[in-house]
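Colleague: I'd like a close look at one part of this model, the contact between the chains. Start there, then follow the side chains outward as far as you think is useful.

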Amino acid sequence: MAGDKIFDDELLSRCMSCGFCLPSCPTYRLTGEEASSPRGRITLMRAVQEDRLDVTDPTVLAQSEFCLGCRACEPVCPAGVQYGQLLEQWRDTEWQGRRRPLLARGLLAMMSFVGMVGITLLGLVRRAAVTRRGTEAEPHLMLGCVERVLYPKVSRSARRLVPALRAPAVQGCCGALHAHNGESERGRRLARRLGRRLPGTIVTTSGGCSAHLTAELGADRVVEFSAWIAAGNGPDPAQLRAIMLDENGEPLPPHASGGRPARIGLQDSCHLRNAVGVWREPRELIARLGEYVEVPDAGGCCGAAGSYSVLRPADSRAVLAPKLDALAGLDLDYLAVVNPGCYRQLAGALKGSRTRVVHLAELLATAAPS
Amino acid sequence: MDSTELARRLAEIVGERHVRIAEGDLEAYARDATPLFRHRPDVVVFPGDATEVAAVLTLATELSVPVVPRGAGSNLAAATVPLAGGIVLVLTRLTRILEISGPELLARVQPGVSTKALADAAAAAGLLYVPDPGSQVVSTVGGNVATCAGGLRGLKYGVTRNYVLGLEVALATGEIIRTGGRLWKDVAGYDLTRLLTGSEGTLGVITEVTVALVPKPAAARTGVAYFTDLAAAGRAVAAVIGAGITPATCEFLDRTCVAAVEDYAHLGLDTDAGALLLFGDDGDPEMVEASLARIGQVCTEQGATGVTLAGSIAASEDLLAARRCSLPALSRLGSLTILEDATVPRPQLAEMADRIAAIAAKHRLTIGTFGHAGDGNLHPTCVLDAHDTEAIERSHAAFGEIFAAAMELGGTITGEHGVGAAKLPYLERRLGADQLALLRRIKSAFDPAGILNPGKLGS
């Protein structure tokens, strides 16, 4: 192993162990244990890099899996440690062959080319967004392989708001989940392929895809939907009120009777906020739709974290628990999300409550004209 | 006793799930925020209350196993590095704020509560917890007391020891004692509260802290003055104090630190300036305005090249937040950052700044200096390449000279970080042989088996 450097030395040496990251880390908050903090994990990485610990060390392996990859530690780090990159390098090494969690292997296989054909067909069946011919100069809407299957209404809503968005059915996967699950190089290749298939500006409705694509294709090519709308594309949200309408244009409960502005909160997408730096824009849009209510620790991970909720459901629920407590007291009509993972996590958890979980694009598209 | 057997005995006290013995976990607890110090413990234990802490200590005394108490491990003096191995006793499970009493102006908290959490809880009750260490987002109250942490409000309000009313402490011999209490006035017995504050885990393990709070000031505001160099800023501080003003905050950063902070925080600081003085005051709004105007005026008279006042509370907070992160921000400049902590009498500030600059030049080192100018407390910080062992040697020599210079000017080797393992070699020079011997006798009265934090104070 000696000589085979796993980590970029420059990235690794940035951390000076001040510990400012500790309180921002969801897993450290759960355990209070150094090894499950960003600083502690970097200490483990260093020990691996310097041959004091083996990559097969049980703690090293366990911590590379326990980390949500939410990157909440990055914006609070005065030294500018790029933890997300270190985590990808870590998992590239840790999660090879048998050491990769079984479920992750299945998940990534599903995202493989053959699987993508199936997803594409399924997406077509579920009418993610109707393919529309147009010129290449027009912005392209990325459909997202998870989102188009689970929440096809999100891209349909985006298209309804901005009909000029092109949405070819064959796009492929952006590779974010690969990069997060120990296949950085494949993640990069998939992103570049998607970049070729969707020339020009790529608009995404998924925070996770947005961060990965931005890192691979550049911020001049990729723009997240809420940031794109806030920049003046699409209808003016000031004209809209967040009373969701059904297909016939009738208000949906619980607002059928009440004329008050809807109380709307937001759960940030970790990657959108921590990696891309987009968090003001969705709030601005919501504030123009109804009464914006800041959810305590909205920037803290909901536990979805890409494939994490599938791979580690118990830990995912533990991370989510304090958020549900916070939400319980807020009496929200809507909780807006900007990422399919958060959507799935929160819609499941809030089933039966009066708070309806919606993607911001859906909220905008179904809002009534004021 | 091998560590597996030790872990088994500890598990009988705290439960198996609160004991760690795996190599990776031990590696994670081999260091704190101090560079160049690392030593793995044999076992890590997470007790859940004072009784469990006491039982762990009793066992350790019985077996003569070293114990290093630890909170968030943000200290900069290697005070929580287990130099002799043994047990690292982590207090991060004790995170409850037990009480905030408005009428008595106090709070009672467990040691693992972060300083920021205590400050926020006090603020929610309309009160202020005064001690304000730069690392407050992560540092724990227990650790603050154990090291007598300072911070940004030291000049007007003092440091942690001025706010500790009482402690609950588990002794190495297994007793749990309560020192002080809820009273400002209490002279029954030796002042063990004060003795334990700053004892760095060498006399006992703090399991509960009662701190004094003050009413929240009606207003607080900050401003910035730029100077050509740190010595000029130092002279301005002396002039401000000389004019009869005691600002709540009076911090300075040299050119290197201003650039690093600006790179992180993007506040629009003037990176061309040689030094920056961040001053602030709190209290009655009109008084604060008058105080800030007066400080600005004195700075201008002392040659400040520019003075600006923060326009809003948010802007003031941003400035203070930027100052708090100067150390980690500095680490952008190199792979190894060694921060030190020397204090001189306030009138010697300019002289000390000059000497640090000269020492840095002599040893061909990049030393950025920032600190609590109002208290005469400086943090010369050396940034270098972690692989350059020759430069690291030069930095040791430079810091030796810096401490010598501080003492020569009537100062001390540490103002707020503590002695830990990093400063122990310099302690005798500061205290003298007789006092050091007394420290050791006190230590053995508290800790007859010598298990608590060996290699630190009292060793």
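Modeller: One cut-off before we start: a residue counts as buried under 20% relative accessible area, as exposed over 50%, and as partly exposed in between. Bear in mind too that this is a predicted model.

Now the contact. Chain B puts 34 residues into it and chain A puts in 30. Between them the two chains bury about 2,500 Å², with 54% of that on carbon and sulfur atoms. On the chain B side, three residues stand out: B:E27, B:P328 and B:R332 supply 18% of the area that chain B buries against chain A, more than any other three residues. Keep B:E27 in mind, as we'll come back to it.

Next, the polar side of the contact. The rule finds three salt bridges across the interface of chain B and chain A. One of the residues to click on is B:R20, which forms a salt bridge with A:E33, their closest N and O atoms being 2.7 Å apart. There are also 11 residue pairs in polar contact across the interface, both partners at pLDDT 80 or more. As for where chain B's residues come from, α2 (23-28) and α12 (326-330) of chain B each supply at least two residues of the side that touches chain A. The largest share comes from α2(B), with five residues. By type, the side of chain B that touches chain A divides into 14 nonpolar, nine polar and 11 charged residues.

Back to B:E27. Its side chain meets that of B:R40 in a salt bridge, 2.7 Å from N to O. B:E27 sits in helix α2 of chain B, whereas B:R40 is in the loop between α2 and β2 (43-45), and the two are 13 residues apart. Is each end buried or exposed? B:R40 has 26% relative accessibility, so it counts as partly exposed. B:E27 has 1%, so that residue counts as buried.

Following the chain on from there, an unreviewed UniProt entry lists residues 37-216 of chain B as "domain: FAD-binding PCMH-type". In the model, that stretch is 22% helix and 24% strand, and its end C-alpha atoms are 40 Å apart.

Salt bridges turn up elsewhere too, with 45 over all chains by this rule. In chain B, the side chains of B:E289 and B:R221 meet in one at 2.5 Å, N to O. That pair ties helix α10 (residues 285-301), home of B:E289, to strand β12 (residues 219-227), where B:R221 lies, across 68 residues of sequence. B:E289 is partly exposed, at 36% relative accessibility. Another pair is B:R355 and B:E408, whose closest N and O atoms are 3.0 Å apart. Here the link runs from helix α13 (residues 349-362), which holds B:R355, to helix α14 (residues 389-408), which holds B:E408, and the partners are 53 residues apart. B:R355 is partly exposed, with a relative accessible area of 23%, while B:E408 is exposed at 59%. Salt bridges with shared partners also join B:E99, B:E104, B:R108, B:E168, B:R178, B:R182 and B:E208 into one network.

While you're looking at B:E104, step along to B:L105. B:L105 isn't a glycine, yet it has a positive phi of about 55 degrees. You'll find B:L105 in the loop between β5 (97-101) and β6 (106-109) of chain B, and at 27% relative accessible area it is partly exposed. Chain A has a case of its own: A:A305, again not a glycine, has a positive phi of about 45 degrees. A:A305 lies in the loop between β6 (291-292) and α16 (308-311) of chain A and counts as partly exposed, at 25% relative accessibility.

Last stop, a buried spot in chain A. A:T204 is in strand β2 (residues 202-204), and its relative accessible area is 1%, so it is buried. The side chain of A:T204 makes a polar contact with that of A:S210, at 3.2 Å. Leaving out residues up to four places away in sequence, A:T204 touches A:M142, A:S210, A:L213, A:V222, A:V223, A:E224 and A:F225.

Key. Residues numbered from 1 in each chain as written. Chains lettered and ligands numbered in written order. Predicted model: local features only at pLDDT ≥ 70, side-chain atom pairs only at ≥ 80, totals over all residues. Heavy atoms only, no water. Contact = heavy atoms within 4.5 Å. Buried area = accessible area lost by both parts, 1.4 Å probe. Salt bridge = Lys/Arg side-chain N within 4 Å of Asp/Glu carboxyl O. Polar contact = N/O pair within 3.5 Å; in protein donor to acceptor, adjacent residues only side chain to side chain. Helix = DSSP H or I, 4+ residues; strand = E, 2+ residues; numbered from the N terminus. Nonpolar A, V, L, I, M, F, W, Y, C, P; charged D, E, K, R; others polar. UniProt positions renumbered as here; feature names shortened; annotations may be inferred. Buried < 20%, exposed > 50% of the residue type's maximum accessible area, 1.4 Å probe, protein only.
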